[in-house]
Each structure stands twice: as C-alpha cells, then as structure tokens.
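Please look through the sequence and the model shown here before reading on. The paragraphs after them are meant to be read with both in view.

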Amino acid sequence: EGEEALSSTAFYICLGGTFVCMLTAALAAGLTMGLLSLDPLELTIKERCGTDEEKRIARALLPLIKDHHLMLVTLLLYNAGANEALPLFLDKMVPSYVAIILSVTIVLFFGEIF
C-alpha cells in the first residue's frame, strides 16, 4: 500500500537504531532504580569511615545523587526519548500496528522487567 521496501543498508540502520533504543531504555530504567535507591547519608558515612574502595566509590557517586531531582528528570527524559524513538525505527521495517505491538513488548521486557 504505498510502502516501499527498505534497502538492506536502511534495514540494518533501522535494526541498529532499534537495538540502541532498546538498550538505552533499559540502561535509563536501571540507572533510575539503582541511583535513586542509594542513600546519601550512607554514602557520606562510607566516604568518611569505609575502606579505601568504598571511599572511592562513595566520592564518585555522591555528586551524582546530591541533586537527585535533576538526575531523575535527566534519566526520565533519556528513557522517554528512547521509548518514543523505538517505534519510529520499527515502523520503517514492519507495518504500523506490528511496530506498536513490538515497541510496547520490547519496552515492557527490556526496559521494565529485565
């Protein structure tokens, strides 16, 4: 119906974009859960009283979670951008209704469950 076949180069570019979006969404979801679960007080204690390795890790993480609202908004925008771009790549490879079903399934499994 007016849809033209993709060249193999365009297909692989769309396939690569799909994987990048999927991995980006999963990374953003994981970082959101992981970084927001860190307690700043516990990290401060580890920075002062922990082993050398704990001190190094706490010093690296404390600046990231100091402004947790900015971190949360950044990660959520990052995740939303990946989730919104995913169907755009899929739509070039499969019919629109399949792209929607695939994108929801991919986001559910890789972005939220795993």
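What follows goes through helix packing, then some individual residues, and finally the salt bridges.

This is a predicted model, in which local features need pLDDT of at least 70 and side-chain atom pairs count only at pLDDT 80 or more, while totals for chains, interfaces and linings use all residues. Residues are numbered from 1 along each chain as its sequence is written, and side-chain values use heavy atoms, with hydrogens and water left out.

A convenient place to begin is helix α5, which covers residues 96–113; helices here are DSSP runs of H or I with at least four residues, and they are numbered from the N terminus, as strands (E, at least two residues) would be. Helix α4, residues 68–93, packs with α5 at an angle of about 145°, and the two axes are 8 Å apart, where an axis is a line fitted to C-alpha atoms over the stretch in contact and the angle, from 0 to 180 degrees, is taken between N-to-C directions. The crossing of α4 and α5 is right-handed, a term that applies if the near helix is turned clockwise from the far one by less than a right angle, with anticlockwise giving a left-handed crossing. On the α4 side the contact (heavy atoms within 4.5 Å) is made by Asn79, Asn83, Leu86, Pro87, Leu90 and Asp91, and on the α5 side by Ser96, Ala99, Leu102, Ser103, Ile106, Val107 and Glu112.

Helix α1, residues 8–36, also packs with α5, here at an angle of about 45° and with the axes 8 Å apart. That angle makes α1 oblique to α5, because angles under 35 degrees count as roughly parallel, those over 145 as roughly antiparallel, those from 65 to 115 as roughly perpendicular, and the rest as oblique. The crossing of α1 and α5 is right-handed, and the residues that meet are Met22, Ala25, Ala26 and Ala29 from α1 with Ile106, Phe110 and Gly111 from α5.

Which residues of α4 and α5 make the contact between these helices? Ser103 of α5 is one of them, as are Leu86, Pro87 and Leu90 of α4, and Ser103 touches these three α4 residues when residues up to four places away in sequence are not counted. At 7% relative accessibility, Ser103 is classed as buried, since buried means under 20% relative accessible area, exposed over 50% and partly exposed in between, with a 1.4 Å probe and protein chains only. A polar atom of the Ser103 side chain lies 3.0 Å from the backbone oxygen of Ile100, which fits the cut-off for a polar contact: a pair of N or O atoms within 3.5 Å where, within protein, one must be able to donate a hydrogen and the other to accept it, and where residues adjacent in sequence count only if both atoms are side-chain atoms. Ser103 and Leu15 are 88 residues apart along the chain, and their C-alpha atoms are separated by 13 Å.

Two threonines can be followed along helix α1. Thr24 lies in this helix and is buried at 16% relative accessibility; its side chain reaches the backbone oxygen of Val20 at 2.6 Å, and Thr24 touches Tyr78 and Ala82, again without residues up to four places away in sequence. Thr32, also placed in α1, is buried with a relative accessible area of 12%. The side chain of Thr32 reaches the backbone oxygen of Ala28 at 2.7 Å, and, with the same exclusion, Thr32 touches Leu72 and Leu75.

Ahead of α1 in the chain lies the segment that holds Leu6, a residue that counts as partly exposed at 32% relative accessibility. Leu6 and Lys92 are 86 residues apart in sequence but 7.6 Å apart in space, C-alpha to C-alpha. Beyond residues up to four places away in sequence, Leu6 touches Phe11, Cys14, Lys92 and Met93.

Charged side chains complete the account. Side chains of opposite charge can pair when their charged atoms come close. With a salt bridge taken as a side-chain nitrogen of Lys or Arg within 4 Å of a carboxyl oxygen of Asp or Glu, the count comes to two salt bridges. Glu53 and Arg56 form one of them, at 2.6 Å from N to O, and these residues are separated by about one helical turn because they are three residues apart in helix α3, residues 52–66. Glu53 is partly exposed at 43% relative accessibility, as is Arg56 at 47%. Glu54 forms a salt bridge with Lys46, with the closest N and O atoms 3.6 Å apart; Glu54 is partly exposed at 31% relative accessibility, and Lys46 is partly exposed at 31%.
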